[in-house]
Amino acid sequence: MSDLLIQNIGQIASPKPGNTRGKELGDLSIIEDGAVYIRDGVIKSVGTLSEVLDEVEGQPEVVDAGGRAAIPGFVDSHSHLVFGGNRAHEFAMRSAGATYEEIAAQGGGIVSTVEATRAMSKAELEARAFLRLELALEQGITTMEIKSGYGLDLDTERKMLEVINELNDHQPIELVPTFLGAHAVPTGSTKEEYLEEVLNMIPELSDLAEYCDVFCEKGYFTKEESRRVLEKGLKHGLKPKIHTNQFNDIGGVEMALDLEAVSVDHLEVLSDEDVRSISDSDTIATVLPGVSYFLNISYSPARKLIDEGAIVALASDFNPGSSMTMCMQLLMNMACTKMGMSVEEALSCSTQNGALALERKNIGCISEGYQADLLLLETDDFRNVAYFFGQNHVSVVIKKGKIAYKCTHLER
Ligand SMILES: [Zn+2]
């Protein structure tokens, strides 16, 4: 593996290792006019050029950053990137005033995505997901969790998880697969029947996933049903994650904390008591402002969570029904304008804390010993990423020490 020396970096902005909660979350390491030395895919040295040169061995490839700012690669710890179909027409109907019921009556909603995903061959599903991952990479995502959950039957759930695993070997973004069989109840089954089916899928599919997730919500899975799914997952080596408190509080947070879930995700409707319990735990609170924006619902109380000391991660929830974006830069803007985060906190929540939500402790900081996942930006001040919104500021993406993407503007 070739080594890299990146020099002439206008600003290196990164969370400090371990600064994941409370006041420390926004306390970044900022190095002006810096350099980074990478060996065997790992960051060996960060500092001024003279400091870094002391550590250099051999003849690394030299990259001139041209004064650009550098930040860690984004870690998107919650997405549904693998799916069939397209629901642009539903968005158009909704925007023109159609109700959820009217859209559902025309075959819309999650049912349409499930049908399209079931109908699609594995190769086609993979080809579509590959194109989306190219877009994700260009926008600076270097690690991404992807859930199953649009199959709602054993064969299609397996197909989705196999696609995620295969794509992991065929493109630069590191992918983390999660089993979400309990995403909804498929048409034609009762909840009781389908819950049994999901419980039976877990041993069949546990080799293909790292986490088990469930949608704990009125009309989906109760707290008790969610617990059964997550406990079965645990028994087969899948650590728990949960979609909970999106529209209603039905006790999902307390149950998930009891199981020591890795993360509790959504949290748009959250009691002060739950804010405190999450803050007293090591479970990551994953907030998803893209959903609140897209569905025009309330935002999770990220400010309160941070102030109380919770470990908060920011993720896209990229999916065709409720958050059709994977632009972490835009989500950072939403976190600042809608959830009261500082720009510095929004960066930490999208990098180091996202990595913690995937238990990747060597990812998410530009710091010695960390995996060399970093972005060079088309600006010399990282704050532009959140400020100049709706714009892709990523110029170069480096994943595990290799240049994985270079914006063609660089040739100008
Ligand atoms: Zn989700």
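**Group meeting: strands, helices and a domain contact**

I would like to begin in the middle of the fold, with strand β8 (residues 174–182) and strand β9 (residues 211–216), which pair in the parallel sense over three bridges. Within that pairing, the bridge partner of Phe179 is Cys212 in β9. Please keep in mind throughout that we are looking at a predicted model.

These two strands belong to an open sheet of eight strands, which has the order β6-β7-β8-β9-β10-β11-β12-β13 and parallel pairing. The edge strands are β6 (74–76) and β13 (311–314), each of which pairs on one side only. On average, and with direction ignored, neighbouring strands of this sheet are turned by 25° against each other.

Let me now follow the chain through β10, β11 and β12. Strand β10 (residues 239–244) and strand β11 (residues 263–266) run parallel and are joined by four bridges, with Ile242 standing opposite Val264 in β11. Together with helix α9 (residues 252–258), β10 and β11 make a right-handed β-α-β unit. The next pairing, between β11 and β12, is in the parallel sense over three bridges, and here Val264 stands opposite Ala285 in β12. The chain crosses from β11 to β12 through helix α10 (residues 272–279), and this β-α-β crossover is right-handed.

As for helices that pack on other elements, helix α13 (residues 328–339) lies across β6, β7 (141–147), β12 (284–287) and β13, and runs at about 130° to β13. Elsewhere, helix α4 (residues 110–119) has as its buried residues Ile110, Ser112, Thr113, Val114 and Thr117, and these pack against α5 (122–138) and α6 (154–170).

Turning to the larger organisation, the domain assignment of the protein gives domain 1, made of 4–73 + 365–411, and domain 2, which is 75–356. The centres of domain 1 and domain 2, taken over C-alpha atoms, are separated by 29 Å. The contact takes 28 residues from domain 1 and 28 residues from domain 2. Which elements give two or more residues to the side of domain 1 that touches domain 2? They are β1 (4–15), β5 (69–72), α16 (384–387), β15 (394–399) and β16 (402–406), and the largest share, three residues, comes from β15. In composition, the residues on this side of domain 1 divide into 16 nonpolar, eight polar and four charged.

I will finish with two individual residues, starting with Ser348, whose place is in helix α14 (residues 343–350). Is Ser348 buried or exposed? Ser348 counts as buried because 31 other C-beta atoms lie within 10 Å, where 20 or more are required. Ser348 and Ser14 are 334 residues apart in sequence, and in space they are 7.5 Å apart, C-alpha to C-alpha. If we leave out residues up to four places away in sequence, Ser348 touches Pro15, Asn19, Leu25, Gly26 and Asn353.

The second residue is Glu196, which is found in helix α7 (residues 191–205). Glu196 has 13 other C-beta atoms within 10 Å and is therefore partly exposed, given that a residue is exposed at 12 or fewer and buried at 20 or more. Glu196 and Arg87 are 109 residues apart in sequence and 30 Å apart in space, again taken C-alpha to C-alpha.

Definitions and conventions. Residues numbered from 1 in each chain as written. Predicted model: local features only at pLDDT ≥ 70, side-chain atom pairs only at ≥ 80, totals over all residues. Pairing = 2+ DSSP bridges. Axes fitted to C-alpha atoms, helices over the stretch in contact; angles between N-to-C directions. Contact = placed C-beta atoms within 7 Å. Right-handed = clockwise from strand over helix to strand, strands pointing away. Domains from an automatic or database assignment. Nonpolar A, V, L, I, M, F, W, Y, C, P; charged D, E, K, R; others polar.
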